[in-house]
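Here's a relaxed walk through a structure you may not have met before. Have a look at the sequence and the model, then read on.

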Amino acid sequence: MARKTIGERLAQLEAQRKTLQIRLGKQERAIDTRRKVLIGALVLHRLANDPDVHIGGGLAAWLRSELPKFLTRDGDRDLFDDLLKRRANEPSLGNVGNVGSGSAA
């Protein structure tokens, strides 16, 4: 059995390091995705079961205010068509939730 040179061993270790880096990146993305799914599920659950939860003028109104600024793709906006349409009996938010607008509290 021939012994590997130091250069060959270093190349093998570098390849293993790259493989582990890729695996770590995938694991971190999976964790990030799961966190987003869970937070989204919480928001949707609150909207369905407790629509009077208040974040400023109410969760639904806050989402209607924030989602259009957050969603950049038409396909993503289409997913929230039902939520983004304002109901006639819902009050306007005004400046609620615009924390970074330059005015100090």
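Let's start with a word we'll need: two residues are in contact when they have heavy atoms within 4.5 Å of each other. Keep in mind, too, that this is a predicted model. With that in hand, take the contacts in the protein chain with a separation of 6 or more: residues 24 or more positions apart account for 34% of them.

So much for contacts; now for the overall layout. The secondary structure comes to four helices and zero strands, and from the N terminus on the elements simply run α-α-α-α. The chain has 105 residues, and 12% of these count as buried.

Begin at the N-terminal part. The unreviewed UniProt entry places a "coiled-coil region" at residues 3-30. In the model, that stretch is 89% helix and 0% strand, with its end C-alpha atoms 40 Å apart.

Next, follow the chain to the loop between α1 and α2, where you'll find Gly58. Is Gly58 buried or exposed? It counts as buried, because its relative accessibility is 7% and the cut-off for buried is under 20%. Leu47 sits eleven residues away from Gly58 along the chain, and the C-alpha atoms of the two are separated by 9.7 Å.

Leu47 also turns up in the largest nonpolar core, a set of seven residues that it shares with Leu59, Ala60, Leu63, Leu67, Leu71 and Leu83. Which helix gives the largest share of this core? That would be α2, with four residues. Pick out Leu63 and see what it touches: leaving aside residues up to four places away in sequence, the list is Val43, Leu47, Pro68, Leu83 and Leu84. Two of the names there, Leu47 and Leu83, are fellow members of the core.

Finally, there's a pocket to explore. The largest one has a volume of about 540 Å³. It is lined by 14 residues, and the closest to its centre are Ile39, Gly40, Leu67, Phe70 and Phe80. Two elements, α1 (6-49) and α2 (59-70), give two or more residues each to the lining. Of the elements, α1 gives the most, with six residues. As for chemistry, the lining divides into eleven nonpolar residues, one polar and two charged. You've met Leu67 before: it is part of the largest nonpolar core as well as one of the residues closest to the pocket's centre.

Conventions:
Residues numbered from 1 in each chain as written. Predicted model: local features only at pLDDT ≥ 70, side-chain atom pairs only at ≥ 80, totals over all residues. Heavy atoms only, no water. 1 Å grid on protein atoms, 1.4 Å probe; cavity = no way out; pocket = protein on both sides within 12 Å on 5 of 7 lines; lining within 4 Å. Points joined across faces, edges and corners; volume = space filled by probe spheres on them. Nonpolar A, V, L, I, M, F, W, Y, C, P; charged D, E, K, R; others polar. UniProt positions renumbered as here; feature names shortened; annotations may be inferred. Core = buried A, V, L, I, M, F, W, Y, C linked by side-chain atoms within 4.5 Å. Buried < 20%, exposed > 50% of the residue type's maximum accessible area, 1.4 Å probe, protein only.
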